Amino acid sequence: MYIFHDPFKNKSNHKMRPLFQLKPPQRYRTLRSRPKGPPKRTPKFRRPLPFVAVIKELENPNDALNLLQEYQQRGYKHDYPSYSAIIYKLARAQKFEAVDTLLYYIQRNDIRCRESLFDALIQHYGKAQLVEKAIDLFHRIPSFSCERTRQSFNTLLNVLVDNNRLADAKNFFNRSSKMGFRPNSISFNIIIKGCLEKGELNEACKMFDEMLQKEVQPTVVTYNTLIGFFCRNGEFDKAMDFLEIMTQKKIWPNAVTYALLMGCLCALGKYKEAKKVMFDMEYRGCKPRIINFGILINDLGKRGKIDETKSLLLEMKKRRFKPDVVVYNMLINYLCKENKPAEAYKVLVKMQVEGCEPNAATYRMMVDGFCRAGNFENGLRVLNAMLNSKHVPRLETFCCLVEGLLDCRKMHDACFVLGEMEKRKVRFPLENWEALIMDSCGGTAGVNLVNELIDSH
């Protein structure tokens with residue numbers, strides 16, 4: 001770190017200023033007494049971590065370990081931020097063998113870690129359905145010189161529930177006191193969610209009663225979980241009963257609560273009542289959010305009422321709600337289903353102009369929409385935009401476009417798409433090749449060629 005020297009430091013009647021406010025000496029100055037007490041320290045700014053910044057920019061996670069060794073050879077001393085950045089990168093790409101190698105190195109060299117690293121890893125193991133690895137890592141957290149808290153306990157409970165391991169989650173929950181944890185509202189909410197997902201309403205109610213007995217205050221999430229269960233089953237009256245209970249206990253419903261009720265009414269064919277709920281919620285002190293408009297837009301789109309959907313979108317904007325990518329995707333999806341991809345494409349352009357970035361689902365729906373309409377050239381244009389935005393299409397989208405371009409005798413464009421598939425290690429299925437060759441060649445000649453392709457594969 002450089003030390004900056006103030007040229008006026010030794011002049012008794014000059015007031016110290018930060019470097020960026022330094023001015024040339026003036027000819028006339030008012031004499032002032034120096035301030036009492038210790039001089040104010042200039043705030044220290046953190047130096048950027050170049051290695052961590054480079055890791056975050058890497059597109060290929062396989063390059064992370066090579067970069068680690070390269071920096072070590074340059075004399076760079078790695079610490080926890082370096083290793084955690086690599087582990088996050090590898091875990092997101094599900095390169096768990098490399099993650100295990102780094103964890104072993106960290107443990108062997110006694111590098112202190114934060115619990116947040118293990119929370120993230122447990123979640124990634126859960127997404128990859130590696131539940132046993134998640135459990136094992138949870139038990140090993142203390143061996144990394146890291147305190148294991150209720151945070152990682154709740155993370156593991158959620159992974160178990162999401163992977164259909166409710167019995168194991170309950171077992172961990174019941175042994176929480178032996179592990180030194182007192183379940184909180186989040187712990188109870190996870191188990192209640194798991195019970196309701198299996199349709200075990202009585203078990204969920206028992207957990208709710210246990211929550212009250214142990215003086216753990218239910219939250220709005222607790223009530224939303226129960227209300228959501230009744231709404232999904234079309235039991236609107238029971239959902240309203242729980243809404244009344246929560247308000248009596250002075251736990252106020254939020255936008256999600258009302259969205260659940262609105263979704264239930266829409267499913268029951270009561271769109272007008274659902275819209276009334278959205279306007280009533282503001283009267284009750286809860287400002288509507290995009291999720292509430294989304295429920296109505298989705299219902300209108302399902303029923304093919306595209307013009308009303310557009311009107312509601314305009315109403316959103318008038319009320320100063322900025323539609324997000326989810327809302328735009330609903331409109332694009334239903335326009336494509338109505339075989340209006342050109343109109344959907346205008347929505348895609350409009351959302352970008354308004355500063356809303358399309359996601360992978362947006363591009364996929366547009367490519368599929370153009371393919372269904374037989375407009376493969378525009379489908380290819382959207383695919384190009386999708387690839388440039390670093391999104392990868394599904395195999396079905398690639399196949400549909402290749403087959404359509406070949407049918408149109410656009411061999412060069414079809415080869416381009418196949419090349420992009422190869423770059424991303426996505427293979428065109430052999431059965432699709434067989435169908436294409438049969439269409440092109442006819443008879444047994446195509447079958448013989450397919451057999452040759454299979455033998456050489």
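**Figure 1. Arginine side chains over phenylalanine rings.** R148 sits over the face of F138, 4.5 Å from the centre of the ring. A second arginine, R175, lies over the face of F172 at 5.0 Å from the ring centre. The structure shown in this and the following views is a predicted model.

**Figure 2. A tilted aromatic pair formed by Y83 and Y105.** Searching the whole structure gives 11 aromatic pairs. In the pair of Y83 and Y105, the ring centres are 5.5 Å apart and the planes meet at 45°, a tilted arrangement. Y83 belongs to helix α3 (residues 80–92) and Y105 to helix α4 (residues 96–108), and the pair links distant parts of the chain, 22 residues apart. Y83 has a relative accessibility of 3% and counts as buried, whereas Y105 is partly exposed, at 27%.

**Figure 3. An edge-to-face pair between helices α8 and α9.** The ring planes of F173 and F188 stand at 75° with the centres 5.0 Å apart, so this pair is edge-to-face. Because F173 is in helix α8 (residues 166–174) and F188 is in helix α9 (residues 185–197), the pair ties together parts 15 residues apart in sequence. F173 is buried, its relative accessible area being 4%. F188 is buried as well, with a relative accessible area of 0%.

**Figure 4. Helix α9 and its surroundings.** The 13 residues of α9 should span 18 Å at 1.5 Å a residue, and the C-alpha atoms at its ends are indeed 18 Å apart. Of these 13 residues, 10 are buried, so the helix is largely enclosed by the rest of the structure. The buried residues of α9 are S185, S187, F188, N189, I190, I191, I192, G194, C195 and L196.

**Figure 5. The approach of K170 to I191.** K170 is a residue of helix α8. With a relative accessibility of 23%, K170 counts as partly exposed. I191, in contrast, is among the buried residues of α9. Along the chain K170 and I191 are 21 residues apart, and 7.0 Å separates their C-alpha atoms.

**Figure 6. A cluster of phenylalanine rings.** F229, F230 and F242 are joined into a cluster by ring pairs.

**Figure 7. The second largest pocket.** This pocket holds about 500 Å³ of space. Its lining is made up of 13 residues, and those nearest the centre of the pocket are E59, N60, V392, K423 and R424. Sorted by class, the lining comprises six charged, four nonpolar and three polar residues.

**Figure 8. Helix α21 and the residue R409.** Helix α21 covers residues 395–407, which is 13 residues in total. From its first C-alpha to its last, α21 reaches 18 Å, close to the 18 Å expected at 1.5 Å a residue. Its buried residues are T397, F398, C399, L401, V402, G404, L405 and L406. In an α-helix there are 3.6 residues a turn, so residues three or four places apart point the same way. Just after α21, R409 adopts a positive phi of about 60°.

Note on methods: Residues numbered from 1 in each chain as written. Predicted model: local features only at pLDDT ≥ 70, side-chain atom pairs only at ≥ 80, totals over all residues. Heavy atoms only, no water. Phe/Tyr/Trp six-rings, centres within 6.5 Å; stacked < 30°, edge-to-face > 60°. Helix = DSSP H or I, 4+ residues; strand = E, 2+ residues; numbered from the N terminus. Buried < 20%, exposed > 50% of the residue type's maximum accessible area, 1.4 Å probe, protein only. Lys NZ or Arg CZ within 6 Å of the ring centre and 35° of its normal. 1 Å grid on protein atoms, 1.4 Å probe; cavity = no way out; pocket = protein on both sides within 12 Å on 5 of 7 lines; lining within 4 Å. Points joined across faces, edges and corners; volume = space filled by probe spheres on them. Nonpolar A, V, L, I, M, F, W, Y, C, P; charged D, E, K, R; others polar. Expected span 1.5 Å × (residues − 1).
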